[in-house]
Amino acid sequence: MRSAAKSRLQPPRQVAREDVIVFAVGGFRFAISAAAVKEIRSMEGLHAFTLGGISVQIAKLKHTLERGGVTYFVVDAAQHFQLLPSQPSRVLILRNAPTAVLVDSTDRIMEISALHALPRAFTHEERSWYRGLAVVNGAVVPVVNHHAFLNKAELEILRSGLERVHGEVMV
Amino acid sequence: MRAETDKSYVLFPLGEKRFALPAETVTELARPDSVQTFPHRTPLLTGVLVRRGRIVPVCDVAQVLVGPAAPPRKFYLIANCKRDSHQELTAVPVTGECELASAPRAPLTGREPQYISGLLAVGEEMIQIVALEKFISGEALA
């Protein structure tokens with residue numbers, strides 16, 4: 001009974017080790033799975049994204065980036081996390097997705113040993129933003145859900161918008 | 001089996017007023033610790049504490065119970081908060097030292113907000129019992 005009660009009280013914690021990239025946006029630190037990032041680069045080569053009404057519907061989508069014949073849609077992380085405008089200097093190009101993310105800086109790659117579930121008290125957008133929380137040297141760092149930077153609905157808006165404008169599927 | 005009137009409560013101050021939580025839900029009164037914040041959109045949550053390797057959300061009920069004029073919070077009352085079928089530790093910032101008391105429950109007047117689950121008569125003072133789960137569920141803001 002004691003262990004059952006204890007398990008109800010303790011939020012799930014995944015113990016698998018994972019390499020993450022620590023980055024900063026708007027004065028906050030975040031982590032993203034290193035396996036989700038294909039490349040970290042400077043902001044060179046970004047093109048303003050002003051296609052049709054899409055940039056109004058997805059306000060956080062600010063730029064595109066051509067890389068190796070692929071078009072990446074660049075999301076402003078500060079806007080994604082509903083922070084004040086920040087000063088991005090790096091672009092994280094995600095793997096297996098047409099998405100890249102503007103961040104202020106990248107810190108380091110490190111290994112986390114546990115991923116704590118986001119407490120259930122958090123009930124709003126953050127539930128999709130984060131996979132969980134890591135404790136790094138006593139500091140709590142949210143581990144982002146990289147699929148949320150451009151979710152399925154937003155990718156569908158992009159797909160249909162680009163079809164409408166160009167008459168072809170680009171996403 | 002204890003009668004409802006025999007229950008113990010933790011009385012906690014928020015500025016000039018005191019409120020109560022059932023003692024059976026309270027696990028700890030923690031000293032000031034650094035609340036760690038990260039971007040989120042849930043009202044009343046000001047961040048999290050790390051307590052013994054566990055991550056505890058901080059719910060600043062003072063914003064609702066006494067308004068923005070509440071004095072600085074000095075301690076964290078950590079309590080089990082039931083949400084759906086789960087329980088989760090939640091830290092409630094309080095403005096002073098807490099007291100354990102057993103007191104008879106007084107009948108609700110019917111005018112209390114839904115986040116008040118009962119009243120305690122402690123001497124001349126009528127203390128409201130806080131339903132913490134209503135804050136966590138957001139019903140306290142409705």
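Helices (H or I, at least four residues) and strands (E, at least two) are DSSP runs, numbered from the N terminus. With that in hand, Lys38(A) is easy to place: it sits in strand E4 of chain A. Before going further, keep in mind that this is a predicted model, in which local features need pLDDT of at least 70 and side-chain atom pairs count only at pLDDT 80 or more, while totals for chains, interfaces and linings use all residues. Residues are numbered from 1 along each chain as its sequence is written, and chains are lettered from A and ligands numbered from 1 in the order in which they are written.

How sure is the predictor? For the complex it reports an ipTM of 0.88 and a pTM of 0.87. Chain B has a mean pLDDT (the predictor's confidence in each residue, from 0 to 100) of 89, with 94% of its residues at 70 or more.

Let's go through chain A. It has five helices and 13 strands. Of its 171 residues, 33% count as buried; a residue is buried if 20 or more other C-beta atoms lie within 10 Å of its own, exposed if 12 or fewer, and partly exposed in between, with C-beta atoms placed from the backbone. Two residues are in contact if their C-beta atoms, again placed from the backbone, lie within 7 Å. Of the chain A contacts with a separation of 6 or more, 55% come from residues 24 or more positions apart.

Six strands of chain A make an open sheet in the order E4-E8-E9-E7-E6-E5, with mixed pairing; two strands pair if DSSP finds at least two bridges between them. Strand E4 (37–41) and strand E5 (46–48) of chain A are at the edges with a single partner strand each, so one side of each has no neighbour in the sheet. On average, neighbouring strands of this sheet are turned by 30 degrees against each other, direction ignored; the axes here are lines fitted to C-alpha atoms (for helices over the stretch in contact), and angles run from 0 to 180 degrees between N-to-C directions. Within the sheet, strand E6 (residues 61–67) of chain A runs antiparallel to strand E7 (residues 70–76) of chain A, and six bridges join them. One bridge pairs Thr64(A) with Phe73(A) in E7(A).

Back to Lys38(A) on edge strand E4 of chain A. Lys38(A) counts as partly exposed because it has 17 C-beta neighbours inside 10 Å. Leaving out residues up to four places away in sequence, Lys38(A) touches Ile93(A), Leu94(A) and Arg95(A). Right after those comes Asn96(A), in the loop between strand E8 (90–94) and strand E9 (99–103) of chain A. Asn96(A) has a positive phi near 60 degrees and is not a glycine. Most residues other than glycine have a negative phi. Asn96(A) counts as exposed, because it has 10 C-beta neighbours inside 10 Å.

Now for chain B and where it meets chain A. Here 22 residues of chain B are in contact with 23 residues of chain A. Strand E4 (45–51), strand E5 (54–59), strand E6 (75–83) and strand E7 (86–94) of chain B each supply at least two residues of the side that touches chain A. E7(B) gives the most, with five residues. By class, this side of chain B has ten nonpolar, eight polar and four charged residues (Ala, Val, Leu, Ile, Met, Phe, Trp, Tyr, Cys and Pro count as nonpolar, Asp, Glu, Lys and Arg as charged, and the others, Gly among them, as polar).

Two of those strands form a hairpin. E6(B) and E7(B) run antiparallel and are joined by nine bridges, with Arg83(B) opposite His86(B). There are two residues between the strands, and Asp84(B) takes a positive phi near 55 degrees. E6(B) also runs antiparallel to strand E3 (residues 26–30) of chain B, over four bridges, and there Leu29(B) stands opposite Leu77(B).

Leu77(B) turns up again in the largest nonpolar core, a set of 82 residues in which Leu92(A), Ala20(B), Leu21(B) and Leu77(B) touch the most other members. Such a core is a set of buried Ala, Val, Leu, Ile, Met, Phe, Trp, Tyr and Cys residues joined through C-beta atoms within 7 Å. E6(B) gives the most to this core, with six residues.
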